[in-house]
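Me: Please take a close look at one buried histidine in this model and at the parts around it. A connected account of its contacts, and of the cores and surface beyond, would be welcome.

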Amino acid sequence: MASDFAAGEAQWRERLGRLRDVVRQELVTRRLRDHLPDRPSRRVLDVGCGQGTQALAAARRGHHVTGVDSSPVLLEDFTAALAAEPPEIRARVRLVQGDAARLAELFAPAGFDAVLCHGVLMYFADPAPVLDGIAALLAPDGIVSLLVRNAESLAMRPGLAGDWATAQRAFGDVTYRNRIGVTARADRLGELMAALAGRGLAVRAWYGVRVFTDHAPGDAPVPEPAELAALLACEERAGCTDPYRGVAPLVHLIADRD
């Protein structure tokens, strides 16, 4: 990931497996199943793969996955998780340390059938180099999966917390201070769609992520299975229903060649 993420990496790792992380990962996993079927096996690139949640999920479904991240610590976490997998899954995963803004230097053009980039663009003041790399590496019939911070919802979190000064500023801003203490950037859906279209990519579907659970504390635990299932069902429905998805803190976009 970009160097801006490094300042909050330790806090981010501490919150893995907590409620907010589990909701985000599960909702993204479900949508990817819809748009990236198990068969045929595809070549998948996970940009900013981190500890490997989505990359491992894809490998377990039979895809050949390359994970790239700039953080040696997160790649070590991924390696440890991979070691616990069966040999046939380990054989389908390759890890590369590298910068998301220099993808074209790391991989061959049109070399991947799917490119995942989740929670990465927000740490780039200028996302253009990352988007350029994604477009260059995508095969003609490939898909792109992006998870970004929703600029249209920046006032929601401080507003619900009663922080009116921050909420007022958020209405016209695209930068914010996130929960791991890093100044990050949000995307406006229309502008991001236009940026993708300029690279020959058309958004076919988009979903809101964490509509109801964004307000939860970073260390909030995962509830019991029955409650978690009910929670996820509501989150999944809200994430594809207007007006709820429009105020979700995260937006998950699926795009392909126009």
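Reply: The account below begins with the histidine and then turns to a loop, a surface patch and the nonpolar cores.

The model is predicted, so local features need pLDDT of at least 70 and side-chain atom pairs count only at pLDDT 80 or more, while totals for chains, interfaces and linings use all residues. Residues are numbered from 1 along each chain as its sequence is written, and side-chain values use heavy atoms, with hydrogens and water left out.

His-252 belongs to strand E9 (residues 250-257); helices (H or I, at least four residues) and strands (E, at least two) are DSSP runs, numbered from the N terminus. With a relative accessible area of 1%, His-252 is buried; buried means under 20% relative accessible area, exposed over 50%, and partly exposed in between (1.4 Å probe, protein chains only). The side chain of His-252 forms a polar contact of 2.7 Å with the side chain of Ser-145. A polar contact is a pair of N or O atoms within 3.5 Å; within protein, one must be able to donate a hydrogen and the other to accept it, and residues adjacent in sequence count only if both atoms are side-chain atoms. Beyond four places in sequence, the contacts of His-252 (heavy atoms within 4.5 Å) include Val-28, Arg-31, Leu-32, His-118, Trp-206 and Tyr-207.

Ser-153 sits in the loop between strand E5 (138-149) and H8. Ser-153 is likewise buried, at 1% relative accessibility, and its side chain makes a polar contact of 3.0 Å with that of Arg-149. Neighbours within four places aside, Ser-153 touches Val-247, Ala-248 and Pro-249.

Helix H8 (residues 156-160) holds Met-156, which is partly exposed at a relative accessible area of 37%.

The largest nonpolar core has 47 residues, and Phe-78 and Tyr-123 have the most contacts inside it. Helix H2 (residues 19-35) supplies the largest share of this core, five residues. Apart from it lies another core, of 30 residues, among them Leu-103, Phe-112, Leu-201 and Val-251. Such a core is a set of buried Ala, Val, Leu, Ile, Met, Phe, Trp, Tyr and Cys residues joined through side-chain atoms within 4.5 Å. Leaving out residues up to four places away in sequence, Phe-78 touches Cys-49, Gly-50, Gln-51, Gly-52, Ala-55, Leu-56, Val-93 and Leu-95.
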